[in-house]
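Me: Could you take a close look at a single part of this model, one helix and the residues packed around it, and then place that part within the rest of the chain? I would like one connected account, with the cut-off for each term stated where the term comes up.

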Amino acid sequence: MIKHHPSDEMLLAHAAGETVLGLAIALSAHCELCPACAAKVEHFQHKLAMHHLPLPDQTSEAARSGAISESVSKGSVDQSGVASGDSAWNSSWDSSWESQDNSLDSLFDAITATPAASAVETSAHDCSTVSLATEVKGFSYSLPKAFRSFVANPALASSWSGIGHVSRMRLDTRDGKARSSLLHIAAGGEIPEHTHKGQEITLLLHGHFSDEMGDYAPGDFMVTDARHQHTPKTLDGCLCFTVVDAPLHFTKGLSKLLNPIGELIY
């Protein structure tokens, strides 16, 4: 069962198309694995569309009554013309929006206010949505469709390479210093104890791993930074997608010798 999810702020930015490509892939892939977060993104997209693009029927009806010109003259657009058959989310949005000013904070609160009755239970992923695979260390792993444009295109994805238990496939997302990779850790492997100079997004796709903060299952979405020091390890092997914007900083043993060349290898 998925226990770790992206924040609502991340999902809203994703719904608005305002994330870098690597993070967008991670969020899209997580939503393929997590019906609850997929429903939130759909909800946010619907509300954002309602805010920016009034429905055609609303527009024509409002235009006939002169409501739009009157609203524009007041510096706002009346949201009260939502079709009566819309969901409870719409009612919540309307009442929230109409009762407050149009600041960004209040807009975010109104968009993310989801009635409890509409919440979707997290459940296991329907494997029928997966149709892409990659092979590493003699194992074949299915992948979410979010990776299709990269893994199926050699110009945008490197071959698998690595040392010991750890292998990596780099995806060319062209996000500046942020680097996106599929990361495979073979059974019994670990990443030496480290912290982070920047931020790391990890989406677990297959298998399990654990660290000082807990145990993780497929679909879990984790964010770590300089506040975290951990040693991820796996008993059965795992495949993750990671996005990092700065090198790891190793804190124990011979792995600290890698720190001076961290900029070259992260």
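Reply:
**Helix α1 and its setting**

Helices α1 and α3 are oblique to each other, a label for angles that are neither under 35 degrees (roughly parallel), nor over 145 (roughly antiparallel), nor 65 to 115 (roughly perpendicular). The model is a predicted one, in which local features need pLDDT of at least 70 and side-chain atom pairs count only at pLDDT 80 or more, whereas totals for chains, interfaces and linings use all residues. Residues are numbered from 1 along each chain as its sequence is written, and side-chain values use heavy atoms, with hydrogens and water left out.

The angle behind that description is about 55°, at which α1 (residues 8–15) packs against α3 (residues 35–52) with the two axes 9 Å apart; axes are lines fitted to C-alpha atoms, for helices over the stretch in contact, and the angles, taken between N-to-C directions, run from 0 to 180 degrees. Helices and strands themselves are DSSP runs numbered from the N terminus, a helix being H or I over at least four residues and a strand E over at least two. The way α1 passes α3 is a right-handed crossing, that is, the near helix is turned clockwise from the far one by less than a right angle, an anticlockwise turn being left-handed. On the α1 side the contact (heavy atoms within 4.5 Å) involves D8, L11, L12, H14 and A15, and these meet C37, K40, V41, F44, Q45 and L48 of α3. Sorted by class, seven of these residues are nonpolar, two are polar and two are charged, where Ala, Val, Leu, Ile, Met, Phe, Trp, Tyr, Cys and Pro count as nonpolar, Asp, Glu, Lys and Arg as charged, and the others, Gly among them, as polar.

Helix α1 also meets α2 (residues 21–33), their axes coming within 10 Å and crossing at roughly 105°, which makes α1 roughly perpendicular to α2. Here M10, L11 and H14 of α1 touch L23, A24, L27, S28 and C31 of α2, and the residues of this contact divide into six nonpolar, two polar and no charged. L11 and H14 thus appear in the contact with α3 as well as in the contact with α2.

H14, a residue of α1, has a relative accessible area of 16% and is therefore buried, given that buried means under 20%, exposed over 50% and partly exposed in between (1.4 Å probe, protein chains only). With neighbours within four places in sequence set aside, H14 is in contact with T19, A24, L27, S28 and V41. The buried residues of α1 are M10, L11, L12, H14 and A15. Just after the helix, G17 adopts a positive phi of about 70°.

As for the rest of the chain, the protein has nine helices and 12 strands, and 43% of its 266 residues are buried. Of the contacts between residues at least 6 apart in sequence, 62% join residues at least 24 apart.

Aromatic pairs are counted where ring centres of Phe, Tyr and Trp (its six-membered ring) lie within 6.5 Å, with planes under 30 degrees apart called stacked, over 60 edge-to-face and the rest tilted; by this rule there are three aromatic pairs. In one of them, F147 and F241, the centres are 5.0 Å apart and the planes stand at 80°, so the pair is edge-to-face. It links distant parts of the chain, since F147 lies in the loop between β2 (139–143) and α8 (148–151) while F241 lies in strand β11 (residues 238–244), 94 residues apart. F147 is buried at 0% relative accessibility, and F241 is likewise buried at 0%. For F209 and Y216 the centres are 4.8 Å apart and the planes at 40°, so that pair is tilted, and both residues are buried.

T202, in strand β7 (residues 200–207), is buried at 9% relative accessibility. Leaving out residues up to four places away in sequence, T202 touches F209, D220, F221, M222, C240, F241 and T242.

Positive phi values also occur in residues other than glycine. K137, in the loop between β1 (132–136) and β2, has phi near 55° and is partly exposed at 47% relative accessible area. R174, in strand β4 (residues 166–175), has a positive phi of about 55° and is exposed at 68%.
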